[in-house]
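Me: I have a structure to read and would like to go through it feature by feature. Can we take the fold, the confidence and the interface in turn?

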Amino acid sequence: MKSSVIIFPGSNCDRDMDVALKKFGFKNQMVWHNDDEIPKSDLIVLPGGFSYGDYLRCGSIAGKSKIIKSVIDFANSGGLVLGICNGFQILTETGLLPGILQQNKYLNFICKNVFVKIKNKENKYFKNIKKDVLELHIAHNEGNYFCSNDELKSIEDNDQIAVTYCDQKGNDDEENNPNGALKNIAGVFNKNKNILGMMPHPERMIDQYLSGEDGSLFFENLIGSL
Amino acid sequence: MIEVNEKIAIEHGLKKDEYKKICDLLKRTPNITELGVFSAMWNEHCSYKSSRRHLKKLHTKGKQVIQGPGENAGVVDIDDNDAIVFKIESHNHPSFIEPYQGAATGVGGIMRDVFTMGARPIANLNSIHFGSPDHEKTRNLLRGVVKGIGGYGNCIGVPTIAGQTCFDESYNGNILVNAMTLGLVNKNKIFYSKAAGVNKPVIYVGSKTGRDGIHGASMASAIFDDKIEEKKPTVQVGDPFTEKLLLEACLELMAGKSIISIQDMGAAGLTSSSIEMASKGDLGIEIDLTKVPCREENMTPYEIMLSESQERMLIVLEEGKEKEAKEIFDKWNLDFAVIGKTTDSKNIELFFKNEKVAEIPIDFLAENAPMYDRKWIKSELPKKNSFSKDQFKSLKLGECLNKILSDPNISDKEWIWNQYDHTVMGDTIQKPGGDAGVVRVHGTNKAVAATVDSSATYCNAHPLTGGKQVVCESWRNMISVGAKPIAITNCLNFGNPEKEKNMGEFVECVEGISEASKYLNYPVVSGNVSFYNETKDKGIKPTPSIGGIGLLANYKKMITMELKKNGNYLFVIGKTEGHLDQSVFARSILSRFEGPPPEVNLFNEKHNGLIILNLINKKLIETCHDVSLGGILTALSKMSIKGNKGVNIFPINGLVNKFEYLFGEDQGRYIIEIKPENLENVEKILKNDSIHFDKLGLVEGSEINYGNDLKISIDDIKQGYKKWLREYMVS
């Protein structure tokens, strides 16, 4: 299986993603933001970081970058596109995913382990993961998901909520909401479920010596379902 | 053009006799640009004029040392062609004036020092000291500094893996922000700042030059007065995004063979970087300032030379490699300009609009810089307090413990490190909050441990002992995670060197650091000195911060401090005499502030440490934590809280009073956790090596119990330990 990780100036989780994808069997290639096209891929990943410094609004400049046209075309033709953290922010900026990511409720950067509940397994990203709750890691300043009431209704009606923040037992209530995200949303799909954006970083949780290894379950399933 | 005279020289921070020396050396009056260059090179921050004589006494050698002090950073060997480049640096003065930008650019500056040498930064650390929590400025300064450190490090994508936060009223008017970075480099591909060869192109890369930070280094060499707000324009503004690009571009260029030497533009910007490169290579340098990329219009040669705009580098390239190098910087959208060349004149010659605007022999600026043998006084060891039994009579162990755990200097600092990305790069195997941060050496079985420590209270009570103690504390933190201590970097924060008492504190702390690091084979390979941490005549307590690193040959053998399993035994390694003077207990419970710090016995320190390392390598112990501030009971409580397990403490043998035993801060001690099946073996090893140890207790339940004197649940102590900082920051 071939994957491509897009590097924007300011991306900083590109190497981590490369390491994780390769560890679980992907043949990964790195693609520069200024390239004209993306090599043939089964999966495109927009990694975390601070693309173009995120000085205007997180992900906004990357959402208009040269390479992004190819990403949009790939996504619209049904290809799998995964955006983690800044990658999620970029996907909302392009309009491929609904909603936006605001600054965290308590206005601080948050770096810690969180639990997320998988809300929809009818897709390639979570299909064969046995667990319902994963322990992942967040590291962001703008992860507070928000969308309009109409949009919320639409994403709920279409089962587009992918993962929500919760406790170890899966209670996704306000008490277990680290950043103020609407409905504890930590990740969403597009309608067709081929595009996933999420704030938590599975690539930082891929062996027992790191903060945890539930990220492994994510990648194992992903390569298995392609 | 401004005419230079003595008054203007004094406004530049030079002393009368220093100005006279400049005129004598040049045999004429300098022009304003030249005066600016002299003032930048001769200030304390760049010239080390008060400290140089004493820094020579530091222990800087060892088999593991590839590069000691004198370069952008120190370099140590960690086997298999891998080397670690690391250094700590202060950004105290700017952070007090503008906490966010001051701290952010401190982090940016130290990272540049490391990647200038060809290393990819793999971990950041910091040591931050604030005034009393009750002081009106403390809360905002803390918030700003933490945001600044996070804002910069998080954006670059280098994990912040450990640090230290202290509060003491002596920092009310002078906070300390010390930032440390570790980088990984192939030991055959290290880059140095020494230029070589004549007529080699001198290249400017990175951000454009603006008017920010002019005279920053001079500001850092002055004491504060009522007008500090006016100094805000001397604080630089950081752009971590550009630094990230600069990092990637430099590493890309370094993969080739076109760089002769490279130097970041830190304090005193273009002035000190160009002069240092030429001086080390025994060369001259010619710069056309018209070619320097400027952000603002009509900048004068004086401003261009003294700007401390961030994220800039100076490179001496091999001839003919300009095009190849420019392509890399174009790719990363960074400025690239050939601004001059190396010469054999041994002078720095500056041109602007086809006119020579300055010419100074480089010797005058570097080797002939003033060096002072400042007067200093020796500190006497204070007399020991004698505590009578009556003083302890009314005290309850549990109440004392709760008070100590919620002491600002002891309590949990999660509120801070949760704002730092500590897991990016995917190799952090020990997070902040333990004895040391640990990151794997990417793609290998090795890991590097790092920590920053300071003990201003001890250094203040007796600088010589304090200097020794802080090195030992760093060493113990390495040992506690299972790392072999390799080397240290020091950031020496002191008051006004022109005062004999402050100068004495400096001299004796350096002596203490030197003695301990020599004995422990834990050499100093880099560092910086920050003097004049004084506001309106009030200086800070002497605060050397020691950044230590250690190596784990096999990261799978790393251990942590949280209690692991019920039924396991706990030992205290090292003898407990119950030293209470200068302890947290004496200060916050007994309100006694005098007396000597705990004695440092280097023999025991080394002996105990090496045995622990041996036990860890043999996988005979499950947990280790060094005993420091707050003594055994504080250390034990933290281990309990982290592991969510209780302890039954055995009755104390011997004559030591229980308060002295449980809260005393004797040095060279560790608490270790041992499985029952390893007990006999561990005891045998300890006895064979004549190591003093006490059987402290058993891991069990969810309380800490000590006979009838103490019965306290983990949840209770957790409350106080965890909540102080969080509540302080939201109140």
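Me: How many helices and strands does the secondary structure of chain B come to?

Reply: This is a predicted model. Chain B holds 26 helices and 28 strands.

Me: Why is chain B said to be as compact as a globular protein of its length?

Reply: Compare the radius of gyration with the globule rule. Chain B has a radius of gyration of 26 Å, and the rule gives 27 Å for 731 residues, so chain B is as compact as a globular protein of that length. Its C-alpha trace spans about 85 × 50 × 45 Å along the principal axes.

Me: What share of the residues in chain B is buried?

Reply: Buried residues are 61% of the 731. Look at sequence separation too. Among contacts in chain B with a separation of 6 or more, 85% join residues 24 or more positions apart.

Me: What is the mean pLDDT of chain B?

Reply: Low pLDDT is a warning not to read the predicted coordinates in detail. In chain B the mean is 94, and 97% of residues reach 70 or more. For the model, ipTM is 0.97 and pTM is 0.96.

Me: How many residues does each chain bring to the contact?

Reply: Interface size is often quoted as accessible area lost when the parts come together. Here, count residues instead. Chain A brings 22 residues and chain B brings 21. On the chain A side, α1 (14–23), β6 (110–118) and β7 (133–140) each supply at least two. β6(A) gives the most, with 3 residues.

Me: How do the residues on that side of chain A divide into nonpolar, polar and charged?

Reply: The side of chain A that touches chain B has 11 nonpolar, 7 polar and 4 charged residues.

Note on methods:
Residues are numbered from 1 along each chain as its sequence is written. Chains are lettered from A and ligands numbered from 1 in the order in which they are written. This is a predicted model: local features need pLDDT of at least 70, side-chain atom pairs count only at pLDDT 80 or more; totals for chains, interfaces and linings use all residues. Two residues are in contact if their C-beta atoms, placed from the backbone, lie within 7 Å. Helices (H or I, at least four residues) and strands (E, at least two) are DSSP runs, numbered from the N terminus. Ala, Val, Leu, Ile, Met, Phe, Trp, Tyr, Cys and Pro count as nonpolar, Asp, Glu, Lys and Arg as charged, and the others, Gly among them, as polar. pLDDT is the predictor's confidence in each residue, from 0 to 100. The radius of gyration is taken over C-alpha atoms; the globule rule is 2.2 Å times the number of residues to the power 0.38. A residue is buried if 20 or more other C-beta atoms lie within 10 Å of its own, exposed if 12 or fewer, and partly exposed in between; C-beta atoms are placed from the backbone.
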